[in-house]
Amino acid sequence: MLSTRAIGLGPAFRKVVLKPKYGQVSALRGVLSKRAIQTESLPPSSSVEILNAQRLKRPSSPHFTIYQPQLTWLGSIANRFTGAGLSVLLYGYAIAYLVAPTTFDSAHVIEFAAGLPDAVKYAGKAILAAPFAFHSLNGLRHLGWDLGKFLTLKGAYTSGYAVLAGTAVTTVALVLM
């Protein structure tokens with residue numbers, strides 16, 4: 001069987017057949033160019049079910065636990081956690097002071113801290129000093145990046161190790177004050 005495409009008549013043949021010379025041909029074109037599509041109206045609750053079914057068929061992306069830990073993403077995660085933790089402490093104390101100003105004033109806080117054993121004082125200082133030092137020094141590292149410094153892989157690792165060393169020294173200095 002000889003096809004119209006094999007002899008080059010495909011597009012030309014369609015042009016002649018669907019050319020609107022007469023009213024019948026234009027009606028024929030309307031019938032030939034339309035597709036039959038059926039739609040079904042669904043309740044809103046079924047859209048969630050359909051979405052969940054589609055999600056189950058998708059492959060899951062690898063979780064970060066399969067990757068070797070790197071200083072860059074560990075530093076980023078630690079910066080977020082230390083920032084959130086320091087914010088919670090600051091806002092928590094501020095709200096407590098607003099609720100009970102006579103209980104959380106400076107004199108009462110100092111009196112409470114003075115009554116604690118030395119080991120608890122040093123542990124508390126370390127718990128507060130380490131995130132403060134890391135977040136502050138890592139903030140300076142980010143400012144360096146904003147200035148266009150340390151943007152190479154070697155520079156990122158060098159500045160990352162400098163932040164860790166500076167955090168250790170600063171934490172010890174703050175604890176011993």
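The lining of the second largest pocket in this predicted model divides into five nonpolar residues, two polar residues and one charged residue. In the largest pocket, by contrast, the lining has seven nonpolar residues, one polar residue and no charged residues. A nonpolar patch on the surface, made of L90, Y91, I95 and V99, completes the picture given here.

**Second largest pocket**
- The volume of the second largest pocket is about 150 Å³, and its lining consists of T103, H108, V109, F112, A113, L116, V120 and K121.
- Helix 5 and helix 6, the latter spanning residues 118-146, each supply at least two residues of this lining, and helix 5 gives the most, with four residues.

**Largest pocket**
- About 370 Å³ of space lies in the largest pocket, which is lined by L86, L89, L90, Y93, F104, S106, V109 and L128.
- Helix 4 and helix 5, the latter covering residues 106-114, each contribute at least two residues to the lining of the largest pocket, while the largest share, four residues, comes from helix 4.
- V109 is named in the lining of the largest pocket and also in the lining of the second largest pocket.

**Surface patch**
- Together, L90, Y91, I95 and V99 have about 480 Å² of accessible area in the nonpolar patch that they form on the surface.
- Y91 lies in helix 4, which runs over residues 71-99, and Y91 counts as exposed because its relative accessible area of 55% is above the 50% cut-off.
- L90 belongs to this patch and is also one of the residues that line the largest pocket.

Conventions: Residues numbered from 1 in each chain as written. Predicted model: local features only at pLDDT ≥ 70, side-chain atom pairs only at ≥ 80, totals over all residues. Heavy atoms only, no water. Patch = residues over 30% accessible without salt bridge, like charges linked within 9 Å, V, L, I, M, F, W, Y side chains within 5 Å. Areas by Shrake-Rupley, 256 points an atom, 1.4 Å probe, with all protein chains shown as cover. Salt bridge = Lys/Arg side-chain N within 4 Å of Asp/Glu carboxyl O. Buried < 20%, exposed > 50% of the residue type's maximum accessible area, 1.4 Å probe, protein only. 1 Å grid on protein atoms, 1.4 Å probe; cavity = no way out; pocket = protein on both sides within 12 Å on 5 of 7 lines; lining within 4 Å. Points joined across faces, edges and corners; volume = space filled by probe spheres on them. Nonpolar A, V, L, I, M, F, W, Y, C, P; charged D, E, K, R; others polar.
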